[in-house]
There are 2 protein chains.
Amino acid sequence: MNNMPKLEILFELADVFKVFGDSTRLRILYTLFDDERSVGEIAETLSMEQSTISHQLRVLRTNKLVKLRRDGKQIYYSLDDDHVKKIIEMGLDHVLE
Amino acid sequence: MNNMPKLEILFELADVFKVFGDSTRLRILYTLFDDERSVGEIAETLSMEQSTISHQLRVLRTNKLVKLRRDGKQIYYSLDDDHVKKIIEMGLDHVLE
DNA sequence: ATAACATATGAACAATTATTCATATGTTCA
DNA sequence: TGAACATATGAATAATTGTTCATATGTTAT
């Protein structure tokens, strides 16, 4: 895999890593590691403002890292992709070595 | 792997992803995928200022993604870690799917 | 229809960061 | 020693971004 991807792909790639490059978003993703959670549950778990969580969930959704399901008044978010866990664990390997 | 790491680790993890979250740094890393290169070679390959490359190499070095070797006037950089390729390829998988 | 609740959104602000320019440091060779 | 070259560094600037506050949208039950 020695060929540099096209610039356009590189920008997308950088954007994906940018999404992982924020501790709030990482915490949200970890909250969703096992199960779906509503926005309120996530906010309470992390002791952060509902608005902050909602904004960041939008970033995660735009980048296809989480998906959502509406159930009545609540909206439940869950991981959208198996890559998510793998990418995080790869990064963790690097950090912990 | 359902346990959320300590906050301190999460910050470090976010920092690592932040490093990958910039297209210039990704391009530099790709330039080093196969072989070491001097700062000047990298700058010329990417058609970017020597100073820009040097600044970003420092970021990469601080985060242990590249290492360096001096040879005369030139300094040759190379990937420091097998994780680097793997993390990038994981991200690329996500982008390309 | 209206109240109560859950979530999303827009504007504003503070903080971070990538790049450039100018210059400093370090190395080689005459 | 001094000139030429390679790389690093500091300051300045422009752009991006995370959070908060206030409010809008959407849903349920009465």
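## Two protein chains and two DNA strands

Let's start with one contact: A:Gln56 has a polar side-chain atom 2.9 Å from a phosphate oxygen of DNA strand D. Keep in mind that this is a predicted model, and that every distance here was computed from it.

**DNA strand D**

What else sits around this strand? DNA strand D is surrounded by 25 residues, and the closest are A:Thr24, A:Arg25, A:Ser51, B:Gly40 and B:Tyr77. Of the strand D atoms that come within 4 Å of the protein, 66% belong to sugar and phosphate. Two contacts from chain B go to phosphate oxygens: the side chain of B:Tyr77 places an N or O atom 2.6 Å from one, and a polar backbone atom of B:Val39 is 3.3 Å from one.

Now zoom out to helices and strands. On chain A, α2 (23-31) and α4 each give two or more residues to the surface near DNA strand D, and on chain B so do α3 (39-46), α4 and β3 (74-79). The biggest giver is α4(B), with five residues. Sorted by class, this surface has four nonpolar, 13 polar and eight charged residues.

**DNA strand C**

Over to the other strand. Around DNA strand C you'll find 25 residues, with A:Ser51, A:His55, A:Tyr77, B:Thr24 and B:Ser51 the closest. Here, sugar and phosphate make up 66% of the strand C atoms that come within 4 Å of the protein.

Which part of DNA strand C does A:Ser51 reach with a polar side-chain atom? That atom lies 2.8 Å from a base oxygen. A:Tyr77 instead has a polar side-chain atom 2.6 Å from a phosphate oxygen of the strand, while A:Gly40 uses a backbone N or O atom, 2.8 Å from a phosphate oxygen.

Here are those three contacts side by side:

| Residue | Protein atom | Atom of DNA strand C | Distance |
|---|---|---|---|
| A:Gly40 | backbone N or O | phosphate oxygen | 2.8 Å |
| A:Ser51 | polar side-chain atom | base oxygen | 2.8 Å |
| A:Tyr77 | polar side-chain atom | phosphate oxygen | 2.6 Å |

The elements giving two or more residues to the surface near strand C are α3 (39-46), α4 (50-62) and β3 (74-79) of chain A, plus α2 (23-31) and α4 (50-62) of chain B. This time α4(A) gives the most, with five residues. The class split for this surface is four nonpolar, 13 polar and eight charged residues.

**Where the chains meet**

How many residues of each chain take part in the contact between chain B and chain A? It's 43 residues of chain B against 43 of chain A. Together the chains bury about 3700 Å², with 77% of that on carbon and sulfur atoms. Three residues, B:Phe17, B:Met90 and B:His94, supply 17% of the area chain B buries against chain A, more than any other three.

Across this interface there are zero salt bridges, but six residue pairs are in polar contact. The side of chain B that touches chain A gets at least two residues from each of α1 (7-20), α2 and α5 (82-96) of chain B. α5(B) gives the most, with twelve residues. By class, that side holds 23 nonpolar, nine polar and eleven charged residues.

**A sheet in chain A**

Finally, three strands of chain A form an open, antiparallel sheet in the order β1-β3-β2. β1 (37-38) and β2 (66-71) stand at the edges with a single partner strand each, so one side of each has no neighbour in the sheet. Two bridges join β1(A) to β3(A), and A:Ser38 has A:Tyr76 in β3(A) as its bridge partner.

Technical notes: Residues numbered from 1 in each chain as written. Chains lettered and ligands numbered in written order. Predicted model: local features only at pLDDT ≥ 70, side-chain atom pairs only at ≥ 80, totals over all residues. Heavy atoms only, no water. Near = heavy atom within 4 Å. Polar contact = N/O pair within 3.5 Å; in protein donor to acceptor, adjacent residues only side chain to side chain. Helix = DSSP H or I, 4+ residues; strand = E, 2+ residues; numbered from the N terminus. Nonpolar A, V, L, I, M, F, W, Y, C, P; charged D, E, K, R; others polar. Contact = heavy atoms within 4.5 Å. Buried area = accessible area lost by both parts, 1.4 Å probe. Salt bridge = Lys/Arg side-chain N within 4 Å of Asp/Glu carboxyl O. Pairing = 2+ DSSP bridges.
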